[in-house]
Amino acid sequence: MKQLMLSTTAVVALAGAAFAEEVRVYNWSDYIDEELLTKFEEETGIELIYDVFDSNEVLETKMLAGSSGYDVVVPSGTFLQRQITAGAFQKLDKSKLTNIENMWDVISDRVSKYDPGNEYAINYMWGTTGIGVNVDKVKEALGDDAPLDSLALVFDPANMEKLQSCGVHILDAPSELIPAALAYVGENPDAQDAETIEKAEPVLATIAPFVQKFHSSEYINALANGDICVAIGWSGDVLQARDRAAEADNGVNIEYYAPSQGALMWFDNMAIPVDAPNPDAAHKFLNFIMDAQNMAAASNYVYYANGNLASQEFLEEDVIDDTAIYPDAATLENLYTTTPYDARTQRTVTRMWTKVKSGT
(Lines give C-alpha, C1' and ligand atoms only; values in the text may rest on other atoms or scores of the structure.)
Protein backbone atom coordinates (compact mmCIF):
# COMPACT_ATOMS: atom_id res chain seq x y z
CA MET A 1 0.00 0.00 0.00
CA LYS A 2 2.79 2.39 0.88
CA GLN A 3 4.55 1.56 -2.37
CA LEU A 4 1.34 2.34 -4.28
CA MET A 5 1.01 5.65 -2.47
CA LEU A 6 4.56 6.56 -3.42
CA SER A 7 3.84 5.74 -7.04
CA THR A 8 0.72 7.88 -7.02
CA THR A 9 2.62 10.75 -5.45
CA ALA A 10 5.31 10.40 -8.08
CA VAL A 11 2.72 10.50 -10.84
CA VAL A 12 1.17 13.64 -9.40
CA ALA A 13 4.61 15.23 -9.11
CA LEU A 14 5.42 14.36 -12.68
CA ALA A 15 2.09 15.76 -13.86
CA GLY A 16 2.80 18.96 -11.95
CA ALA A 17 6.20 19.19 -13.57
CA ALA A 18 4.71 18.59 -17.01
CA PHE A 19 2.35 21.53 -16.50
CA ALA A 20 4.69 23.83 -14.59
CA GLU A 21 4.16 26.33 -17.41
CA GLU A 22 0.78 27.59 -18.55
CA VAL A 23 -0.72 29.73 -21.30
CA ARG A 24 -4.06 31.48 -21.01
CA VAL A 25 -6.13 31.91 -24.16
CA TYR A 26 -9.33 33.97 -24.49
CA ASN A 27 -11.26 33.10 -27.66
CA TRP A 28 -14.76 33.27 -29.07
CA SER A 29 -17.23 30.60 -27.97
CA ASP A 30 -17.72 27.52 -30.21
CA TYR A 31 -14.60 28.47 -32.13
CA ILE A 32 -12.07 25.65 -32.02
CA ASP A 33 -11.82 21.87 -32.14
CA GLU A 34 -11.16 21.03 -28.49
CA GLU A 35 -8.96 18.12 -29.55
CA LEU A 36 -6.46 20.76 -30.69
CA LEU A 37 -6.26 22.08 -27.14
CA THR A 38 -5.33 18.64 -25.84
CA LYS A 39 -2.87 18.17 -28.69
CA PHE A 40 -1.12 21.45 -27.83
CA GLU A 41 -0.71 20.39 -24.20
CA GLU A 42 0.63 16.97 -25.20
CA GLU A 43 3.11 18.38 -27.70
CA THR A 44 4.42 21.25 -25.58
CA GLY A 45 3.89 20.20 -21.96
CA ILE A 46 2.28 23.60 -21.39
CA GLU A 47 -1.03 23.69 -19.56
CA LEU A 48 -3.64 25.51 -21.66
CA ILE A 49 -6.28 27.50 -19.80
CA TYR A 50 -8.97 28.35 -22.32
CA ASP A 51 -11.81 30.82 -21.68
CA VAL A 52 -14.46 32.12 -24.07
CA PHE A 53 -16.41 35.31 -24.79
CA ASP A 54 -19.15 36.13 -27.27
CA SER A 55 -18.72 39.80 -28.15
CA ASN A 56 -15.87 42.11 -29.13
CA GLU A 57 -17.17 44.62 -26.64
CA VAL A 58 -16.61 42.20 -23.73
CA LEU A 59 -13.05 41.53 -24.90
CA GLU A 60 -12.32 45.21 -25.46
CA THR A 61 -13.41 46.12 -21.94
CA LYS A 62 -10.85 43.66 -20.56
CA MET A 63 -8.10 44.77 -22.94
CA LEU A 64 -8.45 48.49 -22.35
CA ALA A 65 -8.67 48.00 -18.59
CA GLY A 66 -5.31 46.19 -18.68
CA SER A 67 -4.07 43.25 -16.61
CA SER A 68 -6.42 40.84 -18.36
CA GLY A 69 -4.28 37.88 -17.32
CA TYR A 70 -4.43 36.39 -20.81
CA ASP A 71 -1.55 35.47 -23.10
CA VAL A 72 -3.53 35.22 -26.35
CA VAL A 73 -6.77 37.00 -27.26
CA VAL A 74 -8.80 37.08 -30.46
CA PRO A 75 -10.17 40.52 -31.45
CA SER A 76 -11.85 41.27 -34.78
CA GLY A 77 -10.32 43.73 -37.24
CA THR A 78 -11.65 47.12 -36.19
CA PHE A 79 -11.27 46.27 -32.51
CA LEU A 80 -7.74 45.02 -33.14
CA GLN A 81 -6.85 48.35 -34.74
CA ARG A 82 -8.28 50.38 -31.90
CA GLN A 83 -6.57 48.24 -29.27
CA ILE A 84 -3.22 48.45 -31.09
CA THR A 85 -3.55 52.24 -31.05
CA ALA A 86 -4.29 52.08 -27.34
CA GLY A 87 -1.09 50.11 -26.73
CA ALA A 88 -2.90 46.94 -25.63
CA PHE A 89 -0.71 44.50 -27.59
CA GLN A 90 2.95 43.66 -27.99
CA LYS A 91 4.63 43.18 -31.35
CA LEU A 92 5.05 39.59 -32.46
CA ASP A 93 8.53 38.08 -32.36
CA LYS A 94 8.37 36.48 -35.78
CA SER A 95 11.64 34.63 -35.20
CA LYS A 96 9.59 32.41 -32.87
CA LEU A 97 6.84 31.87 -35.47
CA THR A 98 8.40 29.43 -37.91
CA ASN A 99 4.98 28.56 -39.35
CA ILE A 100 4.19 32.15 -40.33
CA GLU A 101 5.24 31.26 -43.90
CA ASN A 102 1.98 29.28 -44.10
CA MET A 103 -0.15 32.42 -43.93
CA TRP A 104 -2.20 33.57 -46.93
CA ASP A 105 -0.95 36.85 -48.37
CA VAL A 106 -4.41 37.77 -49.71
CA ILE A 107 -5.87 37.72 -46.21
CA SER A 108 -2.77 39.14 -44.52
CA ASP A 109 -2.91 42.09 -46.91
CA ARG A 110 -6.53 42.79 -45.97
CA VAL A 111 -5.82 42.44 -42.26
CA SER A 112 -2.96 44.93 -42.64
CA LYS A 113 -5.67 47.59 -42.96
CA TYR A 114 -6.11 47.11 -39.20
CA ASP A 115 -2.57 45.96 -38.34
CA PRO A 116 -0.07 47.66 -40.68
CA GLY A 117 2.74 45.29 -41.54
CA ASN A 118 0.96 42.48 -39.66
CA GLU A 119 3.19 43.33 -36.70
CA TYR A 120 0.80 42.55 -33.86
CA ALA A 121 -1.47 39.71 -34.94
CA ILE A 122 -2.04 36.67 -37.12
CA ASN A 123 -5.35 35.92 -38.78
CA TYR A 124 -7.21 33.02 -37.24
CA MET A 125 -10.53 32.95 -39.10
CA TRP A 126 -12.40 35.22 -41.47
CA GLY A 127 -15.84 35.26 -42.95
CA THR A 128 -18.93 37.32 -43.61
CA THR A 129 -21.88 38.55 -41.63
CA GLY A 130 -25.16 37.56 -43.22
CA ILE A 131 -28.49 35.85 -42.82
CA GLY A 132 -29.19 32.38 -41.47
CA VAL A 133 -32.56 31.08 -42.61
CA ASN A 134 -34.78 28.16 -41.73
CA VAL A 135 -35.96 27.99 -45.32
CA ASP A 136 -39.20 26.06 -44.75
CA LYS A 137 -40.40 28.19 -41.84
CA VAL A 138 -39.57 31.46 -43.59
CA LYS A 139 -41.38 30.44 -46.75
CA GLU A 140 -44.32 29.34 -44.64
CA ALA A 141 -44.40 32.80 -43.04
CA LEU A 142 -43.63 34.94 -46.11
CA GLY A 143 -44.38 32.75 -49.14
CA ASP A 144 -42.18 31.13 -51.75
CA ASP A 145 -40.90 34.51 -52.98
CA ALA A 146 -39.42 35.46 -49.58
CA PRO A 147 -36.30 37.63 -50.11
CA LEU A 148 -33.92 35.13 -48.51
CA ASP A 149 -30.72 36.78 -49.76
CA SER A 150 -31.75 40.35 -49.02
CA LEU A 151 -31.44 42.52 -45.94
CA ALA A 152 -35.10 43.31 -46.56
CA LEU A 153 -35.87 39.94 -44.98
CA VAL A 154 -35.01 41.41 -41.58
CA PHE A 155 -34.97 45.17 -42.09
CA ASP A 156 -38.45 45.42 -43.65
CA PRO A 157 -40.79 45.60 -40.63
CA ALA A 158 -43.62 44.03 -42.65
CA ASN A 159 -41.52 40.90 -42.99
CA MET A 160 -40.36 40.95 -39.38
CA GLU A 161 -43.91 41.26 -38.09
CA LYS A 162 -44.67 37.93 -39.77
CA LEU A 163 -41.37 36.31 -38.79
CA GLN A 164 -41.60 37.11 -35.09
CA SER A 165 -43.90 34.12 -34.56
CA CYS A 166 -41.14 31.71 -35.65
CA GLY A 167 -38.35 33.66 -33.95
CA VAL A 168 -35.57 36.03 -35.01
CA HIS A 169 -32.18 36.50 -33.34
CA ILE A 170 -29.76 39.30 -34.20
CA LEU A 171 -26.10 39.67 -33.27
CA ASP A 172 -25.42 41.89 -30.28
CA ALA A 173 -22.83 43.70 -32.37
CA PRO A 174 -23.46 47.36 -33.20
CA SER A 175 -20.24 47.62 -35.22
CA GLU A 176 -21.74 45.09 -37.64
CA LEU A 177 -25.46 45.83 -37.54
CA ILE A 178 -25.17 49.58 -38.06
CA PRO A 179 -23.09 49.15 -41.26
CA ALA A 180 -25.62 46.56 -42.47
CA ALA A 181 -28.51 48.95 -41.85
CA LEU A 182 -26.63 51.69 -43.72
CA ALA A 183 -26.03 49.34 -46.67
CA TYR A 184 -29.76 48.56 -46.68
CA VAL A 185 -30.72 52.24 -47.08
CA GLY A 186 -28.06 52.81 -49.73
CA GLU A 187 -25.51 54.59 -47.54
CA ASN A 188 -21.82 53.82 -47.16
CA PRO A 189 -21.58 51.04 -44.56
CA ASP A 190 -18.18 52.40 -43.54
CA ALA A 191 -19.56 55.88 -42.85
CA GLN A 192 -17.78 57.64 -40.00
CA ASP A 193 -19.88 60.80 -39.60
CA ALA A 194 -22.64 60.87 -37.01
CA GLU A 195 -25.19 62.32 -39.44
CA THR A 196 -24.95 59.28 -41.74
CA ILE A 197 -24.62 56.74 -38.94
CA GLU A 198 -27.81 58.02 -37.34
CA LYS A 199 -29.71 56.95 -40.48
CA ALA A 200 -29.31 53.39 -39.23
CA GLU A 201 -31.32 54.04 -36.07
CA PRO A 202 -34.83 54.11 -37.56
CA VAL A 203 -34.08 50.94 -39.52
CA LEU A 204 -32.99 49.08 -36.41
CA ALA A 205 -35.47 50.64 -33.97
CA THR A 206 -38.43 49.76 -36.19
CA ILE A 207 -37.64 46.05 -36.24
CA ALA A 208 -36.34 45.72 -32.65
CA PRO A 209 -39.77 44.93 -31.15
CA PHE A 210 -39.96 41.85 -33.38
CA VAL A 211 -36.52 40.53 -32.38
CA GLN A 212 -36.67 37.66 -29.91
CA LYS A 213 -33.08 38.14 -28.74
CA PHE A 214 -29.96 40.19 -29.41
CA HIS A 215 -27.18 37.68 -28.74
CA SER A 216 -23.95 36.67 -30.42
CA SER A 217 -23.90 32.91 -29.88
CA GLU A 218 -27.25 31.48 -28.80
CA TYR A 219 -28.60 31.63 -32.34
CA ILE A 220 -26.44 28.65 -33.36
CA ASN A 221 -28.37 26.10 -31.32
CA ALA A 222 -31.63 27.99 -31.77
CA LEU A 223 -31.35 27.70 -35.55
CA ALA A 224 -30.17 24.09 -35.43
CA ASN A 225 -33.06 23.05 -33.19
CA GLY A 226 -35.69 24.92 -35.18
CA ASP A 227 -36.42 27.25 -32.26
CA ILE A 228 -35.95 30.31 -34.49
CA CYS A 229 -36.33 30.81 -38.24
CA VAL A 230 -33.95 33.72 -38.95
CA ALA A 231 -30.69 35.03 -37.54
CA ILE A 232 -28.35 37.78 -38.56
CA GLY A 233 -25.10 36.04 -37.73
CA TRP A 234 -21.62 35.03 -38.71
CA SER A 235 -21.22 32.71 -41.68
CA GLY A 236 -19.49 29.87 -39.86
CA ASP A 237 -21.95 29.91 -36.98
CA VAL A 238 -24.88 29.55 -39.35
CA LEU A 239 -23.12 26.73 -41.19
CA GLN A 240 -22.47 25.01 -37.86
CA ALA A 241 -26.19 25.26 -37.18
CA ARG A 242 -26.94 23.85 -40.65
CA ASP A 243 -24.70 20.86 -40.06
CA ARG A 244 -25.92 20.21 -36.53
CA ALA A 245 -29.47 20.09 -37.87
CA ALA A 246 -28.42 17.71 -40.64
CA GLU A 247 -26.61 15.44 -38.17
CA ALA A 248 -29.66 15.41 -35.89
CA ASP A 249 -31.86 14.60 -38.91
CA ASN A 250 -34.51 16.81 -37.33
CA GLY A 251 -36.03 18.10 -40.56
CA VAL A 252 -34.62 21.62 -40.06
CA ASN A 253 -33.31 23.05 -43.35
CA ILE A 254 -30.84 25.89 -42.70
CA GLU A 255 -29.18 28.03 -45.38
CA TYR A 256 -26.75 30.95 -45.19
CA TYR A 257 -26.93 34.01 -47.45
CA ALA A 258 -24.50 36.87 -47.90
CA PRO A 259 -26.91 39.80 -48.48
CA SER A 260 -27.26 41.03 -52.04
CA GLN A 261 -26.78 44.61 -50.79
CA GLY A 262 -23.29 43.63 -49.64
CA ALA A 263 -21.94 41.76 -46.64
CA LEU A 264 -19.35 42.70 -44.06
CA MET A 265 -16.08 40.81 -44.40
CA TRP A 266 -14.58 40.38 -40.95
CA PHE A 267 -11.31 39.01 -39.60
CA ASP A 268 -10.68 37.42 -36.19
CA ASN A 269 -7.03 37.65 -35.24
CA MET A 270 -4.80 36.25 -32.52
CA ALA A 271 -2.73 38.79 -30.61
CA ILE A 272 -0.62 38.86 -27.46
CA PRO A 273 -1.50 41.44 -24.77
CA VAL A 274 1.28 43.83 -23.86
CA ASP A 275 1.18 42.54 -20.26
CA ALA A 276 0.79 38.83 -21.13
CA PRO A 277 2.08 36.70 -18.21
CA ASN A 278 3.79 34.22 -20.57
CA PRO A 279 4.53 35.72 -23.99
CA ASP A 280 6.92 32.89 -24.87
CA ALA A 281 4.17 30.30 -24.43
CA ALA A 282 1.83 32.63 -26.34
CA HIS A 283 4.18 32.52 -29.33
CA LYS A 284 4.28 28.72 -29.07
CA PHE A 285 0.48 28.63 -29.17
CA LEU A 286 0.34 30.94 -32.20
CA ASN A 287 2.95 28.85 -34.00
CA PHE A 288 0.98 25.69 -33.16
CA ILE A 289 -2.19 27.23 -34.62
CA MET A 290 -0.33 28.26 -37.79
CA ASP A 291 0.67 24.64 -38.49
CA ALA A 292 -1.18 23.81 -41.72
CA GLN A 293 -2.84 20.64 -40.42
CA ASN A 294 -3.83 22.21 -37.10
CA MET A 295 -5.37 25.20 -38.81
CA ALA A 296 -7.24 22.92 -41.21
CA ALA A 297 -8.57 20.92 -38.26
CA ALA A 298 -9.91 24.13 -36.72
CA SER A 299 -11.66 25.18 -39.95
CA ASN A 300 -13.03 21.68 -40.56
CA TYR A 301 -14.58 21.82 -37.11
CA VAL A 302 -16.01 25.35 -37.04
CA TYR A 303 -16.78 25.79 -40.77
CA TYR A 304 -15.00 29.11 -41.13
CA ALA A 305 -12.41 30.14 -43.67
CA ASN A 306 -8.95 30.78 -42.27
CA GLY A 307 -5.98 32.97 -43.18
CA ASN A 308 -3.60 30.04 -43.70
CA LEU A 309 -2.97 29.15 -47.33
CA ALA A 310 -1.00 25.99 -46.54
CA SER A 311 -3.99 24.58 -44.65
CA GLN A 312 -6.16 24.44 -47.73
CA GLU A 313 -4.84 21.10 -48.96
CA PHE A 314 -6.02 19.58 -45.67
CA LEU A 315 -9.50 21.12 -45.67
CA GLU A 316 -12.48 18.86 -46.15
CA GLU A 317 -14.27 19.27 -49.47
CA ASP A 318 -17.46 20.51 -47.84
CA VAL A 319 -15.40 23.38 -46.38
CA ILE A 320 -13.09 24.46 -49.20
CA ASP A 321 -15.74 23.91 -51.90
CA ASP A 322 -18.55 25.69 -50.05
CA THR A 323 -18.88 29.23 -51.43
CA ALA A 324 -20.60 30.29 -48.21
CA ILE A 325 -17.25 29.65 -46.50
CA TYR A 326 -14.74 30.45 -49.25
CA PRO A 327 -16.73 32.91 -51.42
CA ASP A 328 -16.47 32.97 -55.20
CA ALA A 329 -14.99 35.98 -56.98
CA ALA A 330 -18.38 37.66 -57.55
CA THR A 331 -19.32 37.45 -53.88
CA LEU A 332 -15.88 38.66 -52.78
CA GLU A 333 -16.35 41.71 -55.00
CA ASN A 334 -19.56 42.53 -53.11
CA LEU A 335 -18.02 42.37 -49.64
CA TYR A 336 -17.08 45.44 -47.65
CA THR A 337 -14.86 46.13 -44.66
CA THR A 338 -15.18 48.80 -42.00
CA THR A 339 -12.78 50.95 -40.02
CA PRO A 340 -12.96 51.77 -36.30
CA TYR A 341 -15.08 54.64 -35.06
CA ASP A 342 -13.28 57.41 -33.24
CA ALA A 343 -14.08 57.86 -29.56
CA ARG A 344 -16.84 60.44 -30.08
CA THR A 345 -18.54 58.43 -32.82
CA GLN A 346 -18.22 55.25 -30.75
CA ARG A 347 -20.17 56.91 -27.96
CA THR A 348 -22.90 57.80 -30.49
CA VAL A 349 -22.96 54.20 -31.71
CA THR A 350 -23.11 52.77 -28.17
CA ARG A 351 -25.95 55.08 -27.16
CA MET A 352 -27.86 54.25 -30.33
CA TRP A 353 -27.47 50.50 -29.84
CA THR A 354 -28.54 50.67 -26.19
CA LYS A 355 -31.59 52.68 -27.24
CA VAL A 356 -32.45 50.23 -30.03
CA LYS A 357 -32.26 47.18 -27.77
CA SER A 358 -34.12 48.76 -24.86
CA GLY A 359 -36.80 50.33 -27.04
CA THR A 360 -36.56 53.61 -25.15
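**Reasoning about a predicted model**

In this predicted model, E316, E317, D318 and D321 gather on the surface in a patch of negative charge.

Q: Why does the patch of E316, E317, D318 and D321 count as negative?
A: Asp and Glu count as negative, and the patch is made of E316, E317, D318 and D321; therefore its charge is negative.

Q: What makes D318 partly exposed, rather than buried or exposed?
A: D318, which lies in helix α16 (residues 317-320), has a relative accessible area of 38%. Buried means under 20% and exposed means over 50%, so D318 falls in between and is called partly exposed.

Q: Why is strand β7 (residues 230-234) said to be largely enclosed by the rest of the structure?
A: Five of the five residues of β7 are buried, so the strand is largely enclosed.

Q: How do you know that β7 pairs with strand β4 (residues 121-134) and with strand β5 (residues 168-170)?
A: Pairing requires at least two bridges. Strands β4 and β7 have five bridges, in the antiparallel sense, while β5 and β7 have three, in the parallel sense; therefore both pairs meet the definition. Within β7, I232 stands opposite I131 and also opposite I170.

Q: Why is D249 called exposed?
A: The relative accessibility of D249 is 69%. Exposed means over 50%, so D249 counts as exposed. D249 is in the loop between α13 (235-248) and β8 (254-257).

Q: What makes the phi of D249 notable?
A: Most residues other than glycine have a negative phi. D249 is not a glycine, yet its phi is positive, at about 50 degrees. N118, in the loop between α5 (105-111) and β4, has a positive phi near 50 degrees and is likewise a residue other than glycine.

Technical notes: Residues numbered from 1 in each chain as written. Predicted model: local features only at pLDDT ≥ 70, side-chain atom pairs only at ≥ 80, totals over all residues. Heavy atoms only, no water. Patch = residues over 30% accessible without salt bridge, like charges linked within 9 Å, V, L, I, M, F, W, Y side chains within 5 Å. Areas by Shrake-Rupley, 256 points an atom, 1.4 Å probe, with all protein chains shown as cover. Salt bridge = Lys/Arg side-chain N within 4 Å of Asp/Glu carboxyl O. Charge placed at Lys NZ, Arg CZ, Asp CG, Glu CD. Helix = DSSP H or I, 4+ residues; strand = E, 2+ residues; numbered from the N terminus. Buried < 20%, exposed > 50% of the residue type's maximum accessible area, 1.4 Å probe, protein only.
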